[in-house]
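Student: Please take a close look at one residue in this model and say how it sits among its surroundings. After that, extend the answer to other parts worth a look.

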Amino acid sequence: AESGKAGKAASKAGKAATEAKGARLLASAPSSAAVAAGATPGEGSRRAAAAALVPWLLALLPMQACGLGSAYLPAYYLGVNGAALLGAAVVAVSSPAAAAALQLCGALLPTVHAAELCRQLIAVLLPITARSGAVLPTDPLVAVVYAVTAVCTSSVLVAPLPRRVAARSAGGLGLVAVCCVCFALGSRASPFTDATPKRLVVQHIYRELEGAPHSSGLWVSAFDFSGLRELRETPAAAALLPAVAARTPYACDLDPLTPAPPPAAGRLLFDPPVRPTGCYLSLPFYFPLGGVLGTPDGQGAVFATTVAGRSVKPPPIPQRKRVRIERTGAAPGPEPGSRTLSLRVSGPSHMGVAAPETRLLAWSFAAAEAPRPPVPRRSPFAPDERLHFAFLTCGSGGGAEPCLWDLTLVVNGSAPLPLAVTGHYPDIADTPELEALSEALPTELRADWHWFSSMVQRVDLPVGGAETVAYS
């Protein structure tokens, strides 16, 4: 009796399993209503692929409206994929396999093209982000770029995958786990190696004030978000540069300090005084990247006047190529209360000129040119800067003769004009101070691509009178 009951129970269980399997097969097969409505095999994957093209369409419309030549990329992506989807819909009734192959080829060709363009873009973007990381950490930015590139170029390719299978795939969960492990390990490892060393801008600086010697030092800046942390953690470098170990800030004392305006109504505290020219009149910036490099606050950059306990000596700049400023003339300007100043500037092949925006009305860099108003600079990283900056170059820097420039400045007011002219000497990169710092750093912290000497000639240029005034 017991064995008969067990047999009946097993028979019922088998029948239930068979009915459940049949129900699943019926659910996965297209219904008679869907077939009657004209559904074809693979229509769901084609709809998913078409939906994946929507972002490309949304990108094409504004790019075409702005007349961008790069609008061809989304147009090509949409055209090839759209033609392949239409062709797949036609042949799906007679040959589902041919339809799937056609859909895959239509997605593969523009994807390979877009992926190659993205690879080239990333190859250009990475060096740029390595030079702007002092303000923002660039690793998340690069990760977002890679993610957007992967999603945009692969969305149409993954559309034919069964969605239920992909969602429950153990392989997908495994990939997520591997990514998490790699992220954890990568966060703990140092990003700097011998092949990818830390980028430091190290300038051996000599400064003159009103034509007389003022000071010398090493200006050390980091081009990544970690700042000078690795140098502080290197005992030899920290002992060589006490300013790095002590996080000694520099106040940019050669830039004029402007008192802040009184607080607005409803505010009780005064704003601190500001330096509208940033640090451009105190330090020899190669390009106007003060908002990116930051001021020598001791964290991401320092201005060290001592090395190994000894004062930094001036770099061996040839006398003929030192920065020299000569005011050759002054006359009333085109506007009431303005003055036109004629300058002769000489120095090395790479030079910079910086002047306050509030004083400079127009300028030119050749005797035959009429002065024109400079375009205001507004950096999102330094919104309070009010400065005009010009970069002058006349060669590669190896010649013995100095470069000469005839500048014309139209300024307002009668007070002396704060002005800084800087000179850069890429060929003077082996001074004892630079060599000592290079030897104290391990190879992964020593990318000698921006190690050179510079000079600053800082003057308060008189605007009255007509006599010649020289600073050298």
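**A close look at S364**

Tutor: S364 lies in strand β9, which covers residues 360-364. The model is a predicted one, and what follows describes that prediction. Is S364 buried or exposed? Its relative accessibility is 2%, so S364 counts as buried, the cut-off for that class being under 20%. The side chain of S364 reaches the backbone oxygen of E369 at 3.4 Å. E369 also appears in the list of residues that S364 touches once those up to four places away in sequence are set aside. That list reads E369, A370, P371, D406, L407 and T408.

Another strand residue can be read in the same way. Q203 is placed in strand β1, residues 200-209. With a relative accessibility of 3%, Q203 is classed as buried, because the value is under 20%. What does the side chain of Q203 reach at 3.1 Å? The partner is the backbone oxygen of P284. A polar contact also joins the side chain of Q203 to the side chain of S454, at 2.9 Å. Both P284 and S454 are among the residues Q203 touches, again leaving out those up to four places away in sequence. The others in that list are G217, L218, W219, H424 and F452. Q203 can also be placed relative to P315: the two are 112 residues apart in sequence, and their C-alpha atoms are 10.0 Å apart in space.

W219 leads on to a further strand residue, A301, since W219 is in contact with A301 too. A301 is found in strand β3, which spans residues 301-304. Its relative accessibility is 0%, so A301 counts as buried. Apart from neighbours within four places in sequence, A301 is in contact with W219, V220, S221, L228, T295 and P296. For L228 there is also a C-alpha separation: 6.9 Å from A301, although the two are 73 residues apart along the chain.

Two loop residues deserve a check of their backbone. E210 is not a glycine, yet has a positive phi of about 55°. The location of E210 is the loop between β1 and β2, where β2 is residues 212-222. A relative accessibility of 35% makes E210 partly exposed. Where is A308? A308 is in the loop between β4 (306-307) and β5 (310-311). A308 likewise shows a positive phi in a residue other than glycine, near 55°. With a relative accessible area of 42%, A308 is partly exposed.

Helix packing is the remaining topic. Two packed helices are described by the angle between their axes and the distance between those axes. Helix α3 is residues 43-52, and the axes of α3 and α4 come within 4 Å and cross at roughly 30°. The cut-off for roughly parallel is an angle under 35 degrees, so α3 is roughly parallel to α4. On the α3 side the contact is made by A50, A51 and A52, and on the α4 side by V54, P55 and W56. Sorted by class, the residues of this contact are six nonpolar, no polar and no charged.

W56 also takes part in the contact of α4 with α5. Helix α4 (residues 54-65) and helix α5 (residues 72-91) pack at about 140°, and their axes are 9 Å apart. What does that angle make of the pair? Roughly antiparallel would require an angle over 145 degrees, and α4 and α5 are therefore oblique to each other. The crossing of these two helices is left-handed. From α4, the residues W56, L57, L60 and M63 meet L73, P74, A75, Y77 and L78 of α5. Here the class count is nine nonpolar, no polar and no charged residues.

To set these parts in the whole: the protein has 14 helices and 14 strands. Buried residues account for 38% of its 472 residues; S364 is one of the buried residues. Of the contacts between residues at least 6 apart in sequence, 74% join residues at least 24 apart.

Terms used
Residues numbered from 1 in each chain as written. Predicted model: local features only at pLDDT ≥ 70, side-chain atom pairs only at ≥ 80, totals over all residues. Heavy atoms only, no water. Axes fitted to C-alpha atoms, helices over the stretch in contact; angles between N-to-C directions. Parallel < 35°, antiparallel > 145°, perpendicular 65-115°, else oblique. Left-handed = near helix turned anticlockwise from the far one by under 90°. Contact = heavy atoms within 4.5 Å. Nonpolar A, V, L, I, M, F, W, Y, C, P; charged D, E, K, R; others polar. Buried < 20%, exposed > 50% of the residue type's maximum accessible area, 1.4 Å probe, protein only. Polar contact = N/O pair within 3.5 Å; in protein donor to acceptor, adjacent residues only side chain to side chain.
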